[in-house]
2 protein chains.
Amino acid sequence: MSPADDIRPGAAPWVAPDPEDPRLTRRVAGRDHTGAEVEVAVTMERPLTLFLNSREIVTMMTIGDHPDYLAIGYLLNQNMLRPEDRVVGVEHDDDTETVVVRTEQETDFEDKLRRKTLTSGCAQGTVFGDVMEKFETIRLPADARLRTSWLYALVRTINTLPSLYLTAGAIHGCVLCREDRPLVYMEDVGRHNAVDKVAGYMRVHGIEAADKIFYTTGRLTSEMVIKTVQMGIPILISRSGFTAWGVELARRAGLTLVGRAKGRRFVVLSGPERIVYDADLSAVDEEHHRHHRKSAREDD
Amino acid sequence: MSPADDIRPGAAPWVAPDPEDPRLTRRVAGRDHTGAEVEVAVTMERPLTLFLNSREIVTMMTIGDHPDYLAIGYLLNQNMLRPEDRVVGVEHDDDTETVVVRTEQETDFEDKLRRKTLTSGCAQGTVFGDVMEKFETIRLPADARLRTSWLYALVRTINTLPSLYLTAGAIHGCVLCREDRPLVYMEDVGRHNAVDKVAGYMRVHGIEAADKIFYTTGRLTSEMVIKTVQMGIPILISRSGFTAWGVELARRAGLTLVGRAKGRRFVVLSGPERIVYDADLSAVDEEHHRHHRKSAREDD
């Protein structure tokens, strides 16, 4: 179980979506625009309540695969779990819809939470300040590169890999990549769950971030930029658009931010110095109708 | 300021997006896929911290228009503000990025929050239980109808109204409609903010829900279904897809749930008895390329 070694080009991803998993979709009967009976596949969505040791942290809505990676990734990306915290166990219980992350010692966050609730109530507000404080200290590797030939190959591969998106829609995907190869492809009804699952996977398997590229189907908002920077990944690509604060934060952190990546088009609004324009554009197909993901009819 | 009276067909919406508002978008310089310099419009996104009386509730990321409606709608949809609570003021401060909702008397929620934080920490967990408890008690009007001629007219009108979506993308829209007419069209970087702004508008202006239709660009998740039912609106339409739990909850509440509404297609997975198939399908254009919103390249 050390996928970190296998980075051969052309090999299958270490983690790919499993659209055949019967727990992830359900067939539902309904009617179409003519009034005729139809049956369509819809994505599952279930609550999962996360505990850090004995503290209840949050209830998330998730498709329900990889609860262990989701739990660890969530805590990492919220800065509730620090690199130095030793995780000694993750217990998932399907019946009670809970997942418990246990650390060797009480975390700094639990301590803060206890102090905070004694004074002014809920500690969720402290999380944001903490995350931003850490964000300012992160330095991304300057020598990372994104070849446009990798970018076009990645987008093409990701759009055609079997996925829940192609089967049932209403889902987001996040993909950890190296050069032109997708390595870890997670999907979830919550865009941030998909990122968190990748972050959890990286932590559990000790995956290096500096040479990676992150792809998301979601918009390039501040939250998406913060999470990518926190994970230490220098390049973020999306088929969707940007928000102004996402761009601002990416520039502050020196993150390469590529949006609206479809067919042969894309726009870089931060960190253009990492892009190497090596692709022969005349050889890049514009996105054909048959390659169109359901995105053409999925807005979020 | 009583828009509730004006429901003439063909009249302009009471609230429409204002893509010309300079506070809502920013032009940002970058590079395109050929390496050429380009300037693109991106959506603004700023933090807004919400207080209920002296309690800090949450920090939201929003484009920043209508903070008053957003604040009230958020509290309503989280069940933190009850119909019987009297709002005596909403104070928005641009510099500190805060909005304070003041009620005549301390709310039941604040009382619960205080009791809860004394025992087991953060009270966010209680919110979900409360919302579901209320959800089970709501009865939607059985006699509401959705004519397919209205549906096609609504989708066409909404897709062609000037909007931040068409200008800058990376944004969600929610529209309160009656018959074939959009009445309140709100956009926000957060899908749920757009819903909450509509809910706040309805509360402030005392808008009846029973004869309305709700349109969203976002997916039909459990959260979207719960909010629509809480608002008392019997019909929910989206151009996006469904989640299984969204469908389940819609059926439990008797909500008419229409998804994947594009061109002449749509799918109804709950409450089909409210649909009246009166449109002449041969007269309904399939969505033309020029009518395509940027959704074709925006995934979320």
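This report describes the fold of chain A, its two domains, and selected helix packings and residues in chains A and B of a predicted model.

**Confidence and overall make-up**

The model scores ipTM 0.85 and pTM 0.89. In chain A the pLDDT averages 88, and 87% of the residues score at least 70. Two stretches fall well short of that average: residues 118-125 of chain A stay under 50 and have 16 contacts beyond four places in sequence in the model, while residues 289-300 of chain A are also below 50 and have 33 contacts beyond near neighbours in sequence. Where pLDDT is low, the predicted coordinates should not be read in detail.

Chain A contains eight helices and 14 strands, and of its 300 residues 49% are buried. When contacts between residues at least 6 apart in the sequence of chain A are considered, 56% of them join residues at least 24 apart.

**Two domains in chain A**

Chain A is divided into domain 1, residues 46-137, and domain 2, residues 140-297. The centres of domain 1 and domain 2 of chain A, taken over C-alpha atoms, are separated by 26 Å. Their contact draws 17 residues from domain 1 of chain A and 20 residues from domain 2 of chain A. On the side of domain 1 of chain A that touches domain 2 of chain A, at least two residues each are supplied by strand 4 (55-62), helix 1 (67-77) and helix 3 (124-137) of chain A. Helix 1 of chain A gives the largest share of that side, with nine residues. By class, this side of domain 1 of chain A is made up of 11 nonpolar, four polar and two charged residues.

Two residues with a positive phi lie in the loops that flank helix 1 of chain A. Most residues other than glycine have a negative phi, and most peptide bonds are trans. His66(A), in the loop between strand 4 and helix 1 of chain A, has a phi near 50 degrees. His66(A) is buried, because 23 other C-beta atoms lie within 10 Å. Asn79(A), placed in the loop between helix 1 and strand 5 (87-93) of chain A, has a positive phi of about 65 degrees although it is not a glycine. Asn79(A) likewise counts as buried, with 21 C-beta neighbours inside 10 Å.

**Helix packing**

Two packed helices are described by the angle between their axes and the distance between the axes. The table gives these values for three pairs.

| Helix pair | Angle | Distance between axes |
|---|---|---|
| Helix 7 (222-231) and helix 8 (244-253) of chain A | about 25 degrees | 7 Å |
| Helix 7 (222-231) and helix 8 (244-253) of chain B | about 25 degrees | 7 Å |
| Helix 1 (67-77) and helix 6 (191-205) of chain B | about 95 degrees | 6 Å |

At an angle of about 25 degrees, helix 7 of chain A is therefore roughly parallel to helix 8 of chain A. In this pair Ser222(A), Met224(A), Val225(A), Ile226(A) and Val229(A) of helix 7 meet Trp245(A), Gly246(A), Leu249(A), Ala250(A) and Ala253(A) of helix 8. The residues of that contact in chain A comprise eight nonpolar, two polar and no charged.

In chain B, an angle of about 25 degrees makes helix 7 roughly parallel to helix 8. The residues that meet there include Met224(B) and Val225(B) from helix 7 and Trp245(B) and Leu249(B) from helix 8 of chain B. This contact in chain B has eight nonpolar, two polar and no charged residues.

For helix 1 and helix 6 of chain B, the angle of about 95 degrees makes the two helices roughly perpendicular. Among the residues that make this contact are Tyr69(B), Ile72(B) and Tyr74(B) of helix 1 and Asp196(B), Tyr201(B) and Arg203(B) of helix 6 of chain B. The contact of helix 1 with helix 6 of chain B divides into 11 nonpolar, four polar and four charged residues.

**A buried cysteine in chain B**

Cys177(B) lies in strand 8 (residues 172-178) of chain B and counts as buried, with 25 C-beta neighbours inside 10 Å. Leaving aside residues up to four places away in sequence, Cys177(B) touches Leu154(B), Pro182(B), Leu183(B), Lys212(B), Ile213(B) and Tyr215(B). Of these partners, Leu154(B) is 23 residues from Cys177(B) along the chain, and their C-alpha atoms are separated by 8.0 Å.

Conventions:
Residues are numbered from 1 along each chain as its sequence is written. Chains are lettered from A and ligands numbered from 1 in the order in which they are written. This is a predicted model: local features need pLDDT of at least 70, side-chain atom pairs count only at pLDDT 80 or more; totals for chains, interfaces and linings use all residues. Helices (H or I, at least four residues) and strands (E, at least two) are DSSP runs, numbered from the N terminus. A residue is buried if 20 or more other C-beta atoms lie within 10 Å of its own, exposed if 12 or fewer, and partly exposed in between; C-beta atoms are placed from the backbone. Two residues are in contact if their C-beta atoms, placed from the backbone, lie within 7 Å. pLDDT is the predictor's confidence in each residue, from 0 to 100. Axes are lines fitted to C-alpha atoms, for helices over the stretch in contact, and angles run from 0 to 180 degrees between N-to-C directions. Angles under 35 degrees count as roughly parallel, over 145 as roughly antiparallel, 65 to 115 as roughly perpendicular and the rest as oblique. Ala, Val, Leu, Ile, Met, Phe, Trp, Tyr, Cys and Pro count as nonpolar, Asp, Glu, Lys and Arg as charged, and the others, Gly among them, as polar. Domain bounds come from an automatic or database domain assignment.
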